Amino acid sequence: MMSAPLAARTLPLAKLPAWKALLTHCQEVRPLHLRQLFADDPQRGKRFAIDACGLYLDYSKNRVTAETIQLLIQLAEACSLRERLEAMFKGQKINVTERRAVLHTALRAVGEQILVDGIDVVPAVHAVLGKMADFTDKIHRGTWRGHTGLPIRNVINIGIGGSDLGPVMAYEALRHYSRRDIIFRFISNIDGTDFVEATRDLNPEETLFVICSKTFKTLETLTNAHTAREWVLRKLGDDQAVARHFVAVSTNTEGVAEFGIDTNQMFGMWDWDGGRYSMDSAVGLSTMLAIGAENFHAMLSGFHDMDQHFRTAPFDRNLPVLMGLLAVWYTNFFGAQTVAVLPYEQYLKRFPAYLQQLTMESNGKHVTLGGTKVDYQTGPIYWGEPGTNGQHSFYQLIHQGTKLVPCDFIGFCRALNPLGRHHDLLMANLFAQTEALAFGKTPEEVRAEGTPDWLVPHRTFEGNRPTNTLLAERLTPRTLGSLVALYEHSVFTQGVIWNIDSFDQWGVELGKALAEKTIPELEASQTPNLRHDSSTNALIERYRRFQKRKK
């Protein structure tokens, strides 16, 4: 039996002097308004900003002072952030509950040696990348053909969680750079509608499925994969066709071979790379097929740039560290429960959904590394939509609601699709929203506009709503890599402060286990002996009654 690992910290978070200092400091900062902070410091907008890895972070519109940042950095140092991040980069097994290294950074390492159990993993990573590039070249040149000799015109990625959210987000984000003579689609949901709608207008003879499953046992992915197999064989009728229309991203050679996929077309993964951190691994095969190997490697370079920045930059000039510490500041000292991510770039429409898994699966934990229950908040809820769409739905609550919602705004100085005044109007809205959230509108300003007294309270904006603004020149593969790595390392920073394991996900297991028990109860020909709670029993019985009506 494995013994429980020792906690990374022996002194509870709330007992740290740096934490206590922040509690006292928060009472001093809470009454301050951003209007006054900017009035007192005309250069605040430039002093509270960092430019690195192609990203410019303006964090001046946060409810912080220079002393706040200093105290947050002292907290990071007290929590051994520098030592913990070095342990991650060096391949130590910081995922303590699964006894695993955490090495998504190795997926984009260049000229480095990274040892796991005495073995350098970097050559294997580059071997897989080379194999992906060779296969991509065959698809693009048309030398890899389907069973009947037709070229591949459709690529469908089948996965779920990190094997879907990352590839979908990356494809949508980089669609400007993608092949337009190939259709790319994604199937994740076990709901049959997802499969039917993704394949409805496609020809199986021209379709390639990329099956992404580390274990090749994931219920949703394997169910959809077998449905895809049946769909192909209904048209082609020959089991040999599977080898020309399916490839796998997995570690389960036996399972892949049993399915009928040529194991020479299996792209490897490693247990030190968690699903939500895997979009730059072989899980990104569909991304490479869409944008090409050169652009994929440019994206990896962006990841690597941010990795090195995170590893080497002083904490007060470190993008991921500061963003992570600001998240801690609002979560633990202001009681904020959510963070809104608001990209003013239509190509990033799936970025908030991707971040939901990255952030909440990582830091949605209720015990410390040592297994003791936390007595502070962890893991804020991340959500968002692209601008300007969100302005016409939920921004009202952010501006005038009773909840404090810190926001990350993301914008680009140059449009990928210049069209008249569109980009100027888009970015004017971004800048205006952060200004309005910070400074609001006072009752005096509202009255000066001639507003009747009875209407003044309704048109007053308190302001003092915190925002970060991330600005880049344009959305490129390299920029996307830097942006994703920024959030990866921000999540890590938060997890270190909270003394939790950001790299396991035991919370997803219970529901899956109960579903395995429930499936035969739904499908049984005879009425099963149900032993759930009264609610679940009644729901299952009602479902079975309606299922019988269709027979």
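# A guided tour from pocket to core

The largest share of the lining of the largest pocket, six residues, comes from helix α21, so named because helices (H or I, at least four residues) and strands (E, at least two) are DSSP runs, numbered from the N terminus. The model that you have open is predicted, and for that reason local features need pLDDT of at least 70 and side-chain atom pairs count only at pLDDT 80 or more, while totals for chains, interfaces and linings use all residues. Residues are numbered from 1 along each chain as its sequence is written, and side-chain values use heavy atoms, with hydrogens and water left out.

**Stop one: the largest pocket**

Select α21 (509-523), α9 (219-236) and α15, which are the elements that give two or more residues to the lining of the largest pocket. This pocket has a volume of about 1200 Å³, and of the 42 residues that line the pocket, the closest to its centre are Thr 218, Gln 505, Val 508, Glu 509 and Lys 512. On a 1 Å grid over the protein atoms alone, a pocket is an open set of points with protein on both sides within 12 Å along at least five of seven lines, a cavity is a set where a 1.4 Å probe fits but cannot get out, and lining residues have an atom within 4 Å of a point. Grid points are joined across faces, edges and corners, and a volume is the space filled by probe spheres set on the points.

**Stop two: strand β10**

Next select residues 338-343, which form strand β10, and where six of the six residues are buried (under 20% relative accessible area, with exposed meaning over 50% and partly exposed in between, for a 1.4 Å probe and protein chains only). Thr 338, Ala 340 and Leu 342 point one way from β10, whereas Val 339, Val 341 and Pro 343 point the other way.

Now add the partners of β10, bearing in mind that two strands pair if DSSP finds at least two bridges between them. Strand β11 (residues 381-383) pairs with β10 in the parallel sense over three bridges, and here Val 339 stands opposite Tyr 382. Between these two strands the chain passes through helix α15 (residues 351-363), and this β-α-β crossover is right-handed, which means that, with the strands pointing away from the viewer, the path from the first strand over the helix to the second runs clockwise. Strand β12 (residues 407-412) also pairs with β10 in the parallel sense, over four bridges, and Asp 408 in β12 is the bridge partner of Val 341.

**Stop three: the largest cavity**

Keep Val 339 and Asp 408 selected, and add Met 323, Ala 327 and Asn 468: of the 19 residues that line the largest cavity, these five are the closest to its centre. The cavity has a volume of about 150 Å³, and a search of the whole structure finds three cavities of 30 Å³ or more. Two or more lining residues come from each of α14, β10, β12, β13 (467-472) and α20, and α14 gives the most, with five residues.

**Stop four: two helix residues**

Which residues outside its own stretch of sequence does Ser 482 touch? Select Ser 482 in helix α20 (residues 477-498), and you will find that, leaving aside neighbours within four places in sequence, Ser 482 is in contact (heavy atoms within 4.5 Å) with Cys 53, Leu 55, Gly 302, Phe 303, Asp 305 and Met 306. Ser 482 is buried, with a relative accessible area of 0%, and its side chain reaches the backbone oxygen of Gly 302 at 3.0 Å.

Then select Phe 333 in helix α14 (residues 319-333), which is buried at a relative accessible area of 5% and whose contacts include Trp 19, Leu 22 and Leu 23.

**Stop five: unusual backbone**

Most residues other than glycine have a negative phi, and most peptide bonds are trans. Ser 80, in the loop between α4 (66-78) and α5 (81-89), has a positive phi of about 60 degrees and, at 29% relative accessibility, counts as partly exposed. Phe 216, in the loop between β7 (207-212) and α9, has a positive phi near 55 degrees but counts as buried at 5% relative accessibility. Finally, select Gly 387 and Thr 388, where the peptide bond from the one to the other is cis, with omega near 10 degrees; Thr 388 is in the loop between β11 and α16 (395-400).

Methods:
Polar contact = N/O pair within 3.5 Å; in protein donor to acceptor, adjacent residues only side chain to side chain.
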